[in-house]
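Visitor: I'm new to this one. Could you pick a single part and walk me through it slowly?

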Amino acid sequence: LVSREHHPARTTVQVGGVPIGPHTVTMIAGPCAVETPEQTLAAARMAQAAGATILRGGAFKPRTSPYAFQGLGIHGLRILADTRKITGMPVVTEVVGPRDVEVVANYADMLQVGTRNMQNFPLLQAVGECGKPVLLKRGMNATIEEWLMAAEYIAQRGNLDIVLCERGIRTFETATRNTLDISAVPVAQRLSHLPVIVDPSHSGGRRDLVLPLSRAAIVAGADGLIIDVHPQPEAALCDGPQALVKEDLQTLAHSLRHLTAFM
Ligand code: PEP
């Protein structure tokens with residue numbers, strides 16, 4: 001169902017009226033985790049001012065340590081919905097278990113399946129029936145074939161509004177948090193008709209790498225980017241070192257505008 005062999009034309013997925021697909025580069029930005037209404041609105045305003053058209057923000061956070069901030073849950077979803085009301089930006093947020101799909105779908109415009117859950121088959125089937133678009137991150141240990149098969153699980157339940165997201169894979173390299181597999185962009189686009197975006201924040205894990213990785217993604221043909229921003233990264237409850245501040249994001253947006261003008 002997701003293969004280009006059976007569906008040669010590339011797909012555009014609509015997220016609350018915002019297109020993700022060929023002929024456009026969609027910027028999604030927002031805080032890694034929703035912390036407070038003020039922090040979420042400030043991050044959304046930063047994102048919007050730089051040209052982002054979709055707001056990201058985690059309410060259910062899949063953390064490596066059970067002692068780390070796990071997110072605000074439903075309260076976080078309400079903050080995201082309130083922020084959408086103020087800014088008009090559609091919202092993408094992660095769902096970590098099949099039982100939460102219904103409630104997350106009630107608040108969000110797009111459901112994110114994170115790297116750790118890429119092969120959580122009951123979750124994939126549940127989002128396949130949720131009636132909302134899905135952002136499917138590549139598993140950090142998954143091959144491109146496994147990633148596309150995970151998308152197939154969603155599609156099989158009737159949902160073809162899937163956006164693939166390359167977010168870096170585990171390699172022997174320790175200088176970056178993950179290794180951005182830039183070749184996954186053209187390879188996945190050749191094998192599948194689904195849009196492919198890149199997360200330069202979670203792949204590098206470092207603020208200084210977000211700009212070069214974003215540029216690389218766009219040149220490789222990515223249909224969009226998903227970027228962490230925070231009004232006060234040093235106080236962030238999750239992944240502060242990779243979050244951009246307002247000026248960084250504006251530099252990035254400016255650089256991408258230049259790049260896309262020549263493509
Ligand atoms: C995220 O986007 O908030 C996230 C946790 O990403 P990943 O699943 O890629 O680690």
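**A close look at helix α5**

Guide: Let's start with what sits over helix α5: the cover on its buried residues includes α4 (121-127), β7 (134-137), β8 (162-166) and α6 (184-191). Keep in mind that this is a predicted model.

Now, which residues of α5 are under that cover? The buried ones are W147, L148, A150, A151, Y153, I154 and A155. As for the helix itself, α5 has 13 residues, and at 1.5 Å a residue they should span 18 Å; the end C-alpha atoms are 18 Å apart, so the model agrees with the expected figure. After α5 comes G158, which has a positive phi, near 100°.

Next, look at where α5 fits in the bigger picture. The largest nonpolar core in the model has 79 residues. Helix α5 (residues 144-156) gives seven residues to this core, the largest share. In soluble globular proteins, nonpolar side chains tend to be buried together. A151 is among the residues with the most contacts inside the core, along with A47, V127, L136, I162 and L164. Leaving out residues up to four places away in sequence, A151 touches V2, L136, I162, L164 and L194.

One name on that list of well-connected core residues, A47, takes us to another helix, α1, where A47 is buried together with Q39, T40, A43, A44 and M46. Seen down the axis of α1, these buried residues fall within an arc of 160°, so they line one face of the helix. On the other side of α1, you'll find E38 and A49 exposed. The cover over the buried residues of α1 includes β3 (26-30), β4 (54-56), α2 (74-87) and α9 (246-261). Helix α1 (residues 37-49) has 13 residues, and from first C-alpha to last it reaches 18 Å, close to the 18 Å expected at 1.5 Å a residue. What follows α1 is G51, with a positive phi near 100°.

For a contrast with all this burial, go back to β8, one of the elements covering α5. T171 is in the loop between β8 and α6. Is T171 buried or exposed? It has 11 other C-beta atoms within 10 Å, and 12 or fewer counts as exposed, so T171 is exposed.

Finally, take a peek at the ligand. Around the ligand are C32, G58, P62, E94, G114, T115, K137, R167, D199 and H202. That shell divides into two nonpolar, four polar and four charged residues. One of these shell residues, K137, falls in β7 (134-137), which brings us back to the cover over α5.

Terms used:
Residues numbered from 1 in each chain as written. Predicted model: local features only at pLDDT ≥ 70, side-chain atom pairs only at ≥ 80, totals over all residues. Near = placed C-beta within 6 Å. Nonpolar A, V, L, I, M, F, W, Y, C, P; charged D, E, K, R; others polar. Helix = DSSP H or I, 4+ residues; strand = E, 2+ residues; numbered from the N terminus. Expected span 1.5 Å × (residues − 1). Buried ≥ 20, exposed ≤ 12 C-beta atoms within 10 Å, placed from the backbone. Arc of directions from axis to C-beta. Contact = placed C-beta atoms within 7 Å. Core = buried A, V, L, I, M, F, W, Y, C linked by C-beta atoms within 7 Å.
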